[in-house]
Amino acid sequence: MGFGDELKSAVENGASRGILDFSIELEREYEARTSVAARKEKGQFFTPPPVCRFMAGLFNRDFPDAFRLLDPGAGVGSLSAAVCERISSLRSPRRLQIHLFENDTTVLPYLERNLEHCCESLKQAGHNLTYRIHEKDFILDAAEPLFSPPSLFADPDRLNDFDGVIMNPPYFKLSKDSSYARIMDDVVHGQPNIYAFFLAAGAEMLRPGGQLIAITPRSFCNGLYFRDFRRWFLQRMALNHIHLFESRTGTFRDVLQESLITASHRLGEPSASVTITTSFAANPGKGSCRTLPTSLVVDDSCGQLTVRIPASEEDSEIARIVECWPARFSSLGLRVSTGPVVMFRATEFLANQPHDEGTVPLLSVFNVKPFETVWPVPHKKQPPSFKVCAESLRLLLPARNYVLLRRFSAKEERRRLTASCLLSTSLNQPFVALENHLNYVYHAERELAVDEVYGLAALFNSALFDRYFRTFSGNTQVNATELRMMKFPDLSRIASIGNRIRALRVFDPDAVEVIVLAELGIHERLRDHLLEGTLFSQI
């Protein structure tokens, strides 16, 4: 039986053991007495039962006789209950000690009842559980001493040397000058999120070889804001397992990013490989399983230390193909920037009528379609034009050839990347205004050739690039930093793609896809896989 089969069996068999069932009843009782808005404001998203059992199943198969567990942000305690449920099935007696952190007073009575039930259930199964509920802020009260300068006086309540940490941390953004950020200023950068602090603190509290099992948004795997955190975390922790939920809404309806589960251990010895499992929604026991060398998952080739997650063999093959291309953005002379117009800061320059004298087109995500920049587009919240005056010139771009990319995709969209062509000859204006929900691609030293514009747009709009992009990005935002790190063919090959697309008499999305793959020499088997069910006609 493989590792994936063992986890599937653990998830399915857990349903008959009952400890977690009591926890879920408490959770439903709590949810009935609180509002969704109140829970969301706290970043409180409870873990579905199959996910709890899956996460508990990621701990090493044989628990030691004595096992110390940390559950920060415990909620009603469902994750701890899932660990208790798993231990209850072991034949030889175990001594389990759990430290739980929860500072939400409304949920504390439910947590206490849950742990009492766990104690009684484990006692009946021949095991022993002791626990302590800390009614404190996990970061400000428990983690702060770990990230502060050493003191001459040891803190008797300092928590460390745990065998395991299991967590579903809260999820909300923090200001960079918050008290949380000041504690971990060596770990975070830019606009941090509270869940990264929980991961860092949990890692710091483990003994060597101890395991950390966490469910979080995927956003820490890439991007500038989490780069310092990734480097700090991966210097201390080795990834063993990643589980990816392919549906953004199937696990947590109110989280706009893909969620994932990571299992890692405190270094000791680094992992030679990482197991990657995937499932569509909230039952991770039913999905695919594969193992990859760590070097294909943790990539520092461009200094960003990105965590890539190829969800299938085809994704791995796509990544290998793209990574063999010769250039990145900067080496091709290409640049990508974000549109300079922030609507609420430029209200005095907005014009409600197209073609008004003294105005130029204002473009946003509503104007960007695959290959086509459509203007004007009637929209209640999007003025079509932007006034030209001495004060607004700093927000305008010269009329040149650009590739425009949406910075955000809707949750229900099949494609993460959508690119249009914007040619200076179509503007009939000296300037254009781009709203900051757009990225624009240009050449640093010259005008992009028309064939290059169409070729770049074809790459961004292709199934190949979409699948490649998804291996390292799991949120709805397309950042300029991510585009800069992507590999590209040389510009002559890109122009050749654009030339063939421009030669099409009728715009045929299927034909565009075939041209891209043929020009790049993608072999027939992978080409068939990419073309099956992924064409523009289905967007």
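A cavity here is a set of grid points where a 1.4 Å probe fits but cannot get out. With that in mind, here are some close-ups of this predicted model.

**View 1. The second largest cavity, lined mostly by nonpolar residues.** Searching the whole structure turns up four cavities of 30 Å³ or more. This one, the second largest, comes in at about 60 Å³. Its lining is made of Leu-199, Phe-220, Phe-229, Arg-230, Phe-233, Leu-234, Leu-239, Thr-262 and Val-307. Helix 10 (residues 227-236) chips in the largest share, four residues. Sorted by class, the lining has seven nonpolar residues, one polar and one charged.

**View 2. Leu-305, a non-glycine residue with positive phi.** Leu-305 sits in the loop that links strand 10 (298-299) to strand 11 (306-307). Its phi is near 45°. With a relative accessible area of 10%, Leu-305 falls under the 20% cut-off, so it counts as buried.

**View 3. A five-stranded open sheet with mixed pairing.** Read across, the strands go 14-18-15-22-19. The edges belong to strand 14 (350-351) and strand 19; each has a single partner strand, so one side of each has no neighbour in the sheet. Zoom in on one edge and you'll find strand 14 running antiparallel to strand 18 (residues 385-387), with two bridges joining the pair. Leu-350 stands across from Phe-386 of strand 18.

**View 4. Backbone oddities at Phe-371 and at the Trp-375 to Pro-376 bond.** Phe-371 belongs to strand 17, and its phi is near 75°, a positive value even though the residue isn't glycine. Phe-371 is also buried, at 7% relative accessible area. Pro-376 lies in the loop between strand 17 (371-373) and strand 18. The peptide bond leading into Pro-376 from Trp-375 is cis, with omega near -5°.

**View 5. Asn-401, a buried loop residue.** Look for Asn-401 in the loop between strand 19 (397-398) and strand 20 (402-406). Its relative accessibility is 9%, so Asn-401 counts as buried. The Asn-401 side chain reaches the backbone nitrogen of Ser-424 at 3.0 Å. Leaving aside residues up to four places away in sequence, Asn-401 touches Leu-422, Leu-423, Ser-424, Val-441, Glu-447, Leu-448, Ala-449, Val-450 and Val-453.

**View 6. Helix 15, largely enclosed by the rest of the structure.** This helix covers residues 463-470, and seven of its eight residues are buried, so the rest of the structure largely encloses it. The buried ones are Ala-463, Leu-464, Phe-465, Asp-466, Arg-467, Tyr-468 and Phe-469.

Terms used:
Residues are numbered from 1 along each chain as its sequence is written. This is a predicted model: local features need pLDDT of at least 70, side-chain atom pairs count only at pLDDT 80 or more; totals for chains, interfaces and linings use all residues. Side-chain values use heavy atoms; hydrogens and water are left out. Buried means under 20% relative accessible area, exposed over 50%, partly exposed in between (1.4 Å probe, protein chains only). A polar contact is a pair of N or O atoms within 3.5 Å; within protein, one must be able to donate a hydrogen and the other to accept it, and residues adjacent in sequence count only if both atoms are side-chain atoms. Contact means heavy atoms within 4.5 Å. Two strands pair if DSSP finds at least two bridges between them. On a 1 Å grid over the protein atoms alone, a cavity is a set of points where a 1.4 Å probe fits but cannot get out, and a pocket is an open set with protein on both sides within 12 Å along at least five of seven lines; lining residues have an atom within 4 Å of a point. Grid points are joined across faces, edges and corners, and a volume is the space filled by probe spheres set on the points. Ala, Val, Leu, Ile, Met, Phe, Trp, Tyr, Cys and Pro count as nonpolar, Asp, Glu, Lys and Arg as charged, and the others, Gly among them, as polar.
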